[in-house]
Structure formats: structure tokens, C-alpha cells
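This report describes selected features of one protein model, beginning with its strands and ending with individual residues. Please keep the sequence and the structure at hand while reading.

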Amino acid sequence: MIFPRKGVLMKIFVFSCMAISQLFCMAGFATESPGIVTRKPSSGIESDFLSVESPNDDEIGTYGVPIPKSVKNIILMIGDGMGPQQVGLALIYAKHAPNSNVKNRQLNIERVMEAGETGVVLVGPYGKIVVDSACSASQYATGKSIRPDVIGLDIHGNPIETILEKSKMAGKSTGIISDTTLTNATPAAFASHVAHRLMEDVIAEQLVESKADIMLSGGVQYFLPRKVNRKGSNSYKAALSLVKNESLIKSKRKDQKNLLIKARENGYELIFNKKSLMNSNSKKILGLFSKAEMPDGIVCSQTRGSQDRPPTLKEMTQKAISLLSKNKDGFFLMVEGGLIDYAGHANDAGWMLHEMLMFDEAIGAVFDWIKEREDTLLIITADHETGSFGFSYSTDSSQEPTESGGVIGKEDNFGSQFDFGSYEVLDKIYNQRKTLTGISLMFNALPHNQKTPEQLRSLINENLEFKITLEQSQKILAGEEKPFYNNKHHPSLCFQTIPIIHDFKAFYPLIFLNRQALIAREIADQQKVVWGTGTHTSTPVFVIAFGPESIQNTFDGLWHSTDIGRKMIESMGL
């Protein structure tokens with residue numbers, strides 16, 4: 001086995017075993033007064049982590065390390081929801097699954113770790129403990145402290161220039177890529193400024209007026225006028241003439257603005273399929289490949305040979321780099337593996353593994369392009385961890401004693417009262433044929449008289465290697481009245497009857513995903529997997545830097561996401 005250099009495995013161990021308070025102690029933090037956290041000065045550097053209520057500024061921290069301003073390009077790759085546990089899942093599968101399909105059993109993220117530098121990032125928002133993607137991505141994009149759910153505005157509500165906007169002003173080309181939707185929180189944070197992440201109508205309007213040259217993702221539905229939902233209307237016909245694909249025509253806008261036409265007027269080539277993307281040589285592209293989120297990682301794995309499928313995250317990334325790198329002044333590109341987060345919210349280990357591997361493919365494409373260059377910095381990080389995921393030992397099955405064959409223990413064979421999990425379970429997790437969300441949607445689409453426990457059990461057992469009983473299916477379908485049903489439009493308040501979550505109920509507020517969480521609980525003992533929440537955790541995340549050594553080495557250590565944002569801005573001399 002190849003071990004990453006410079007203590008990477010130790011960092012993984014620390015993440016897995018230490019609470020946040022212990023991390024603070026390791027870093028030498030001291031609490032000097034309520035609400036103020038400082039770091040004990042080391043090597044003459046003062047106060048790396050200042051209070052969010054610092055009298056000098058609104059920053060969470062300043063890192064105090066001079067950054068050599070010598071890179072022309074930055075590629076920032078964000079694994080949304082990718083905590084150390086998610087990285088661990090992919091690493092364990094790659095190295096130990098009997099039928100691992102990872103080349104040489106080494107992930108690309110491990111290759112970058114070996115060649116570059118790995119640090120630790122705290123991602124908390126202004127004044128709170130747990131972060132959301134809008135705030136976290138905005139902190140990376142601006143280097144400034146942001147409030148939860150806010151995109152691109154400082155704590156006083158003023159717009160802040162992002163690294164993408166600064167790059168464009170400096171004459172560089174810019175790009176945004178996501179496998180979710182273009183108006184989703186993370187991609188939006190680099191080119192828009194709104195008070196709440198759910199203002200996707202406004203975000204879409206800002207994006208087509210933005211300084212991003214290449215934008216590739218899903219989410220046509222926020223760029224088309226509301227009238228396209230009436231099939232046969234003039235608006236529908238106009239949209240069809242642009243998109244040339246009926247499956248993409250849907251709108252979630254509240255008005256009649258056609259932002260595709262506006263984007264074309266602003267010089268963007270409109271692209272809606274893989275073939276057109278691969279053939280394009282345009283300097284400005286708006287590529288939207290699905291009406292909502294792009295296909296999940298399981299579907300991508302199953303349709304690799306299809307000519308009609310949308311481009312993968314890797315393919316979008318490769319194409320963007322080939323176009324953006326033509327600019328002699330350089331470029332900034334943000335690439336998001338956003339469906340890792342979706343899988344975590346659904347407590348879906350199989351889906352999450354596939355998304356980690358899809359993101360890792362994109363990492364490999366970037367690393368292969370960058371590894372011989374001296375003018376580019378690659379940053380791989382995450383906005384937060386989702387799901388509080390982990391493998392855990394249990395008492396699920398009795399373990400047969402193992403013959404030692406040695407001198408010690410020769411007469412008493414080794415055995416354990418616990419089940420520590422066999423490597424074979426990794427293949428079973430990977431072999432999942434549909435996401436738990438996909439299974440739930442299939443069930444919801446059935447006629448009312450077919451929505452039975454027997455039918456749900458059949459759907460689950462057909463698509464998972466982990467089987468459930470009829471009794472378990474009945475538990476999954478059990479419902480209760482929602483006590484505060486009072487909002488027909490809010491995605492988490494519009495259900496009158498909801499699945500029954502028996503533990504940590506307050507941490508499963510995304511009700512449309514709770515049936516998936518219940519399925520996950522019923523197969524957890526077979527998967528050797530535990531979940532702690534349907535939302536995010538405050539777990540620190542990795543930052544992995546590769547580029548000129550004088551710059552990459554400054555990312556070792558413990559940072560805040562605002563520090564990483566400022567480091568990137570300064571490393572390009574912006």
C-alpha cells in the first residue's frame with residue numbers, strides 16, 4: 001500500500017476520532033473572552049483565528065503568511081458535503097473492495113495528496129456553528145465572513161467581489177461547473193449576490209449578466225419563462241426551437257423572462273447536449289444539460305457507453321480547461337461535485353460512493369493536466385460534511401474464531417464478540433442499481449392502490465444488495481400528521497403526513513428525503529454504516545493544494561474557509 005506523505009493518514013485519523021474541542025486544543029487555541037477565540041502565537045505569527053466579533057474587521061481569521069503571487073491559473077474543486085468520512089469511504093473502497101474498479105487501487109485525490117500539501121479547514125459561518133453551502137462557498141469565493149443561506153453579501157448585506165469577478169477584471173477567463181444546477185448555492189456563490197440561496201430566479205438573471213465565460217451544469221428550469229409549462233403555447237414553441245429537446249422544457253420561474261434569449265444576446269453560445277459541447281470552440285458558453293439536477297453517479301456509471309447521455313463532470317471539466325487555457329493571461333475555474341451532498345442528505349451510502357468516484361475522475365483529469373505545469377494552483381476542498389456518515393462495528397452477527405497458526409494464542413483461536421465489517425460489503429454498497437431517492441420516486445409514481453409495503457419491498461430488494469423484510473417495509477411507510485402543516489410552497493413544510501423518524505427527528509427537517517433515511521436505517525446493520533443527521537455537520541474538512549511548491553506548502557496546517565479564499569485571491573495577485 002502507498003501511504004500519503006506528510007501525515008495525511010494521521011489527519012484522517014484525527015478527523016475520525018477527535019471532537020471539535022479536541023482539535024482546538026491540538027491547535028493551541030485559548031478562549032480569552034465570550035465569543036472570542038484566538039490562537040496562541042506561534043513562530044511570530046499573531047492570532048491566526050480572530051473572533052467573529054473582532055473590533056478590527058468582520059473576518060473570522062487572517063492567516064498571516066505571505067503568499068508568493070506567481071500563479072496564472074487556479075482550479076478550485078469543491079466536493080459538496082465531502083467530509084473526511086466521505087473521502088474515507090472512497091479510499092477504503094478503492095483499496096479494499098474485492099472487485100474495486102479503481103485503477104491501481106489508488107484514487108486521484110490520493111495522488112494529489114502525495115504530490116501536494118494537505119491541510120485542515122474549519123468552515124463555520126459568521127456567528128454560528130454549522131454552515132450551509134451558500135455561506136461556505138461564498139466564504140471561499142470572497143475570503144470574507146458570510147451569514148448562513150446568504151450568497152455573495154457581507155454580514156451587513158453589501159455585495160462582495162468574488163475571486164471569479166476579480167479574475168475577470170484582471171483579464172483572465174473564468175468558468176463555473178457543477179453536476180447539480182447552475183443556480184444552486186455553490187456555483188451561484190462565485191457569480192451572484194443575493195440575500196437567500198432560494199432566490200434562484202434572481203440568481204439565474206445575475207448569472208447571464210455575470211463575468212463567467214464558461215458555465216456548465218443542469219437547471220434549465222430557472223432560465224425559461226413560466227408559460228413554457230403550457231405545452232403548445234407560443235412560449236413552449238419558442239423554448240423548443242432553442243433547446244431542441246422536449247425533456248428539458250420546464251420552468252420554475254415566477255415570471256415570463258426567457259433568460260436563454262438574454263444569454264444569447266450577451267454573447268453566450270447555448271449548448272444543451274454533450275456532442276455540441278465537445279464540438280464547441282466558443283469563448284462564452286452557457287451549457288445546461290438537464291431541466292433540474294444532472295444524472296446521479298449511479299446512472300452515469302450505468303450509461304458510460306451511451307451516445308445520448310449528458311456530459312460527465314470529468315468531461316465538462318476537461319472541455320472547460322481546453323477553452324479557458326487559451327487565454328494567455330490565465331483563468332479561474334470552479335468545479336463542484338455537488339451530488340455528494342445530495343447523497344448525504346438522503347443517507348444513501350451507495351449513491352455517495354458513486355458520487356465520490358465521479359468527483360475523483362474529474363480530479364484525475366485536472367491533475368493530469370496540471371502536474372507538469374508551474375503556473376497553476378489546484379485546490380481541492382469541501383464546503384462541509386453531510387450526514388455524519390461512518391462505518392461502525394456492531395453486534396450484528398457472531399464472528400467465527402480464526403486459527404492463528406502462531407505461538408501466542410495457539411491453543412485459543414482469535415475471535416471477537418463484534419462484527420467489524422468485511423471488505424465484501426464494499427462491493428455490495430457499490431453494486432446499488434438505483435439511488436434511494438430514485439426508488440422513492442418510483443414508488444411515489446405508482447397508482448395509489450399499488451403503493452403497498454409489498455411493492456416498496458420489491459423495489460428496494462430489486463435495486464439493492466441489502467434486502468429488507470415486509471415488516472421493515474411497513475415501518476418505512478408508517479406516517480404521522482405533521483403538527484405545523486401551514487405552508488403549501490416551502491419544500492419542507494408542504495407535507496401534511498410525514499414519515500416517522502424515531503431518533504434525532506429535529507435533524508431530519510428535509511421531509512421529502514426522510515423516507516430515504518428510513519430505508520437507510522433498515523439496511524444499516526447490513527452495510528455496517530451509521531448516519532447521524534439528514535443535514536450538515538461542523539466536521540472540519542480537507543484542503544489539498546498542488547502547484548508551485550512555494551505556494552502549495554502554505555496550505556499545510558489548520559485554517560478557516562475565509563483564509564483559503566484570501567490565499568487563492570492573493571496567490572493570483574488579485
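## Basis of the description

Two strands are said to pair if DSSP finds at least two bridges between them. The model discussed here is a predicted one. By the pairing criterion, strand E10 (residues 376-382) and strand E17 pair in the antiparallel sense, over four bridges.

## The sheet as a whole

Ten strands form an open sheet with mixed pairing, in the order E7-E8-E6-E5-E9-E3-E10-E17-E4-E18. Its edges are strand E7 (269-271) and strand E18 (557-560), each of which pairs on one side only. On average, neighbouring strands of this sheet are turned by 15° against each other, with direction ignored.

Towards the E7 end of that order, strand E6 (residues 214-218) and strand E8 (residues 285-288) run parallel and are joined by four bridges. Within this pair, leucine 216 stands opposite glycine 287 of E8. Elsewhere, helix H22 (residues 561-571) lies across strand E3 (73-79), E4, E10, E17 and E18. The direction of H22 is at about 95° to that of E18.

## Strand E3 and its parallel partners

How many of the residues of E3 are buried? Seven of its seven residues are, and the strand is accordingly described as mostly covered. The cover extends to both faces: Asn73, Ile75, Met77 and Gly79 are buried on one side, and Ile74, Leu76 and Ile78 are buried on the other.

E3 runs parallel to E10, to which seven bridges join it. The pairing of E3 with strand E9 (residues 331-337) is also in the parallel sense, over six bridges. Isoleucine 78 has a partner in each of these strands: threonine 381 stands opposite it in E10, and glutamate 336 is its bridge partner in E9.

## Strand E17 and its antiparallel partners

Strand E17 (residues 541-546) is largely enclosed by the rest of the structure, because six of its six residues are buried. Val541, Val543 and Ala545 lie on one side of E17, whereas Phe542, Ile544 and Phe546 lie on the other, and both faces are covered.

In the order of the sheet, E17 stands between E10 and E4. Strand E4 (residues 117-122) runs antiparallel to E17 and is joined to it by five bridges; here threonine 118 stands opposite isoleucine 544. On the E10 side, isoleucine 379 has alanine 545 of E17 as its bridge partner.

## Helices H17 and H18

Two packed helices are described by the angle between their axes and the distance between the axes. For helix H17 (residues 436-444) and helix H18 (residues 453-463), the axes come within 10 Å and cross at roughly 145°. The crossing of H17 and H18 is right-handed.

From H17, the residues that make the contact are Ile439, Met442 and Phe443; from H18, they are Gln455, Leu456, Leu459, Ile460 and Asn463. Classified by residue type, the contact of H17 with H18 comprises six nonpolar and two polar residues, with no charged residues.

## Two serines in different settings

Is serine 136 buried or exposed? Serine 136 has a relative accessibility of 0%, so it counts as buried. This serine lies in helix H5 (residues 133-142). A polar atom of its side chain is 2.8 Å from the backbone oxygen of aspartate 383. Not counting residues up to four places away in sequence, serine 136 touches Val123, Val131 and Asp383.

Serine 306 lies in the loop between helix H12 (297-302) and helix H13 (313-324). With a relative accessible area of 29%, serine 306 is partly exposed. The side chain of serine 306 has a polar atom 3.2 Å from the backbone nitrogen of aspartate 308.

## Glycine 344

Glycine 344 is found in helix H14 (residues 339-345). Its relative accessible area is 0%, and glycine 344 is therefore buried, the cut-off for this class being under 20%.

Which residues are in contact with glycine 344, leaving aside its neighbours within four places in sequence? They are Met352, Thr386, Gly387, Trp531 and Thr533. Glycine 344 and serine 388 are 44 residues apart in sequence, and their C-alpha atoms are 8.2 Å apart in space.

Note on methods. Residues numbered from 1 in each chain as written. Predicted model: local features only at pLDDT ≥ 70, side-chain atom pairs only at ≥ 80, totals over all residues. Heavy atoms only, no water. Axes fitted to C-alpha atoms, helices over the stretch in contact; angles between N-to-C directions. Helix = DSSP H or I, 4+ residues; strand = E, 2+ residues; numbered from the N terminus. Left-handed = near helix turned anticlockwise from the far one by under 90°. Contact = heavy atoms within 4.5 Å. Nonpolar A, V, L, I, M, F, W, Y, C, P; charged D, E, K, R; others polar. Buried < 20%, exposed > 50% of the residue type's maximum accessible area, 1.4 Å probe, protein only. Polar contact = N/O pair within 3.5 Å; in protein donor to acceptor, adjacent residues only side chain to side chain.
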